[in-house]
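Thanks for coming, everyone. I would like to walk you through one chain today, beginning with its sheet and then turning to what packs on that sheet, so please have a look at the sequence and the structure first.

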Amino acid sequence: LAADNERLYVQQRNIAETLQRALLADLPPPSALDVAARYVPGVQGIDVGGDWYDVVHPDEQRCTFVVGDVSGRGLTAATTMASLRFAARAYVTQGDGPRAVLAKLDRLLRIEVDHQFATVLIGEVDLERRRLTLASAGHFPPVAVERGRARLLEVTPGTPIGMGTSWRPDETAVDLGPGSTLLAYTDGLVERRGEHLDVGLGRLCEAAAAAGTPAGTGAGDLVDRVAAPLIPDGTQDDTIIPGIIRPG
């Protein structure tokens, strides 16, 4: 009986992980950017989570990335995640900037009705000007890695999506140097029970600086090198780690 229960648990967990991966984005083919992402499922429970990412090329000169985390777990969280992801993709494709996309997403979710909220970070990269425009709805700031140094980009976070406040998220513009790397992430990468968040963010910056040091490190290798020391045995919560490198 114990063996049957263990087999059933593993089977259900595999189904949950397969569903989560199927709902995540297929990254675009290589262009002016080197893009990679990793999904690391939580080590506890079998329910799918609400973490997601997407990368959209609305035109040849712009690339927009989105990373978000819906509260809760299970099919409800996964369904909400999918609806927000596809809505954000549509808004970006029609030409909306980060601030406008978040404002429109906020109309799609209400915590008093849906009993859920979501944190979302959106970044638009102007490839010609090498400028990044960021807007955050309660999400963690991305990490920028340049010349072996890593830093958290200063972004003023607005209220999470669905909280029902009359918020208007701010946009932050950052100039990027040649070969700059951007790392976005969800809470499973930095949060640990009983530990102050600043400790986890500092650990992330140290790992990102070390991972980005070797010349010619690709986005996929960099994401793997960041994740390895931070979550060597997995994480309690689902984790999404998109990485973007601007070559040249």
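What you see here is an open sheet of five strands in the order β2-β3-β4-β5-β8, with antiparallel pairing, where two strands pair if DSSP finds at least two bridges between them, and where helices (H or I, at least four residues) and strands (E, at least two) are DSSP runs numbered from the N terminus. At the edges stand β2 and β8 (172-175), each with a single partner strand, so one side of each has no neighbour in the sheet. On average, and with direction ignored, neighbouring strands of this sheet are turned by 20° against each other; the axes behind such angles are lines fitted to C-alpha atoms, for helices over the stretch in contact, and angles run from 0 to 180 degrees between N-to-C directions.

Before going further, I should say that this is a predicted model, in which local features need pLDDT of at least 70 and side-chain atom pairs count only at pLDDT 80 or more, while totals for chains, interfaces and linings use all residues. Residues are numbered from 1 along each chain as its sequence is written, and side-chain values use heavy atoms, with hydrogens and water left out.

Let me stay with the edge strand β2, which is joined to the antiparallel strand β3 (residues 62-70) by seven bridges, and in which Trp-52 stands opposite Gly-68 of β3. Helix α2 (residues 75-93) packs on the sheet, touching β2, β3 and β4 (118-126), and its direction makes about 15° with that of β2; contact here means heavy atoms within 4.5 Å. Helix α3 (residues 98-105) also packs on the sheet, where it touches β4 and β5 (131-137), and its direction makes about 20° with that of β5.

Which residues of α3 are buried? They are Pro-98, Val-101, Leu-102, Ala-103 and Leu-105, and they pack against α2, β4 and β5. Buried means under 20% relative accessible area, exposed over 50%, and partly exposed in between, with a 1.4 Å probe and protein chains only.

Back in β2 (residues 51-59), we find Asp-51, which counts as buried because its relative accessibility is 1%. The side chains of Asp-51 and Thr-186 are joined by a polar contact of 2.8 Å, that is, a pair of N or O atoms within 3.5 Å, of which, within protein, one must be able to donate a hydrogen and the other to accept it, residues adjacent in sequence counting only if both atoms are side-chain atoms.

Finally, for the chain as a whole, there are six helices and 10 strands, and 51% of the 248 residues count as buried.
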